[in-house]
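Visitor: I would like to see how the labels on this model are earned. Please show it to me.

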Amino acid sequence: MKQIALLLIAAQFLIQGFCYAEEAETKSSSAVNGSPVPAPKSTQNLFQLNSRNFDSSISDGNVWLVEFYAPWCSHCMRFEKQYQQVAQKLNDLPEEKERRVKVGKVDGAAEKALASRFSVRGYPVFFLVDGWTVREYEGQRSVDALVKFATEDYENVEPIAFINSPFGPMGQLRSLLMSMGSRVLDSYDYLVEKKSLTPAIASIVLGGAGIMMGVIVIISVGLLLESKLKKD
C-alpha cells in the first residue's frame, strides 16, 4: 500500500509538471507573438473561460460556478439567458455576504481537454469550484435552484473525491491524455501535409517519439520511488 501511495504521489507531480510546462509554453508563445494570455471576458459577472485562463481565473480566491456547454446543444441554448440571470443574481448579492460567487462558462466542444478533466459526459453540466473542492450540480435546471445551490445547498452535496477531481491525479491525467492526443493528431497532419511524409512514415515517427516519452516517464517514476524507499 505504501508503494502504491508513493507511485500515486509521483504520478501526480509528473502529470502536474507536464500540464504546467504546457501552460508555460502557451504563455511563452503568446508573449513572443506579442499577445498576452487573455483575461476571461465578462458580461455582468459571467466569464468566458478556456484552457488558457481557467486555472489562473479560479485561483483568485473566489468560489466559481462553472457551466460546460456545447454550441450545438439545444438545452444549452434554451438555458443561456437564464444562466445570465444566475450570474446577475449572484453578482447582486449583498456585499456584506462572505461567500462571493463568480460565474463562468466553458465551451466543452472546443475545450475538450478541460471537459475531459471534469469528466463531462453531457451538456449542460454545472460545477461549483471552491479552491480544490469541486461539487457537481444535479438538481433542477432553474435560476433560483442554481443560485441557492451556489450559496446555500452546496453543503448538502458531497464533493468529488480528490483523486478523481479535476485537480487530482486522475483529472490531470485525463486532461493531459486528451491534450496529448490532440497534439499527436496535429503533428501527424503537419508531417503529412507540410513535410510531405507518407502516412506510414509519419506514424512510425510519432510512435517512436511516444515510446521514448513513455520510457522517460517510467524511468523517472522508478528513480523517484527508489530514492524515497531508500530514505524510509
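Guide: The chain exposes about 14,000 Å². Carbon and sulfur atoms supply 59% of that area. The model is predicted.

Visitor: How confident is the predictor along the chain?
Guide: The average pLDDT is 79, and 73% of the residues score at least 70. Residues 1-37 stay under 50.

Visitor: Why is arginine 117 called buried?
Guide: Its relative accessible area is 5%. Buried means under 20%, so arginine 117 is buried.

Visitor: What makes arginine 117 and aspartate 55 a salt bridge?
Guide: Their closest N and O atoms are 2.8 Å apart. The cut-off is 4 Å, so the pair counts as a salt bridge. Arginine 117 sits in helix H4 and aspartate 55 in helix H2, 62 residues apart.

Visitor: Is aspartate 55 buried or exposed, and why?
Guide: Neither label applies, because aspartate 55 has 27% relative accessibility and counts as partly exposed. That class lies between under 20% and over 50%.

Visitor: Why is aspartate 144 called exposed?
Guide: Aspartate 144 has a relative accessible area of 52%. Exposed means over 50%, so aspartate 144 is exposed.

Visitor: What is the class of lysine 89, and why?
Guide: Lysine 89 has a relative accessible area of 41%, so it is partly exposed. The side chains of lysine 89 and aspartate 144 meet in a salt bridge, at 2.8 Å from N to O. Lysine 89 is in helix H3 and aspartate 144 in helix H5, 55 residues apart.

Visitor: Which other side chain does aspartate 60 meet in a salt bridge?
Guide: Aspartate 60 meets lysine 102, at 2.9 Å from N to O. Aspartate 60 lies in the loop between H2 and E3, and lysine 102 in strand E4. The salt bridge count comes to three.

Visitor: Which residues touch the most other members of the largest nonpolar core?
Guide: They are Leu65, Tyr83, Val86, Leu90, Leu128 and Leu146, out of 20 residues in that core. Strands E3, E4 and E5 and helices H3 and H5 each give two or more residues. A second, separate core has 17 residues, including Trp64 and Phe68.

Visitor: What makes isoleucine 219 eligible for a surface patch?
Guide: Isoleucine 219 has 47% relative accessibility. A patch residue needs over 30%, so isoleucine 219 passes that cut-off. Ile211, Val215, Ile219 and Leu223 form the nonpolar patch, with about 390 Å² of accessible area together. Isoleucine 219 is found in helix H7.

How values were computed. Residues numbered from 1 in each chain as written. Predicted model: local features only at pLDDT ≥ 70, side-chain atom pairs only at ≥ 80, totals over all residues. Heavy atoms only, no water. Core = buried A, V, L, I, M, F, W, Y, C linked by side-chain atoms within 4.5 Å. Buried < 20%, exposed > 50% of the residue type's maximum accessible area, 1.4 Å probe, protein only. Helix = DSSP H or I, 4+ residues; strand = E, 2+ residues; numbered from the N terminus. Patch = residues over 30% accessible without salt bridge, like charges linked within 9 Å, V, L, I, M, F, W, Y side chains within 5 Å. Areas by Shrake-Rupley, 256 points an atom, 1.4 Å probe, with all protein chains shown as cover. pLDDT = per-residue confidence, 0-100. Contact = heavy atoms within 4.5 Å.
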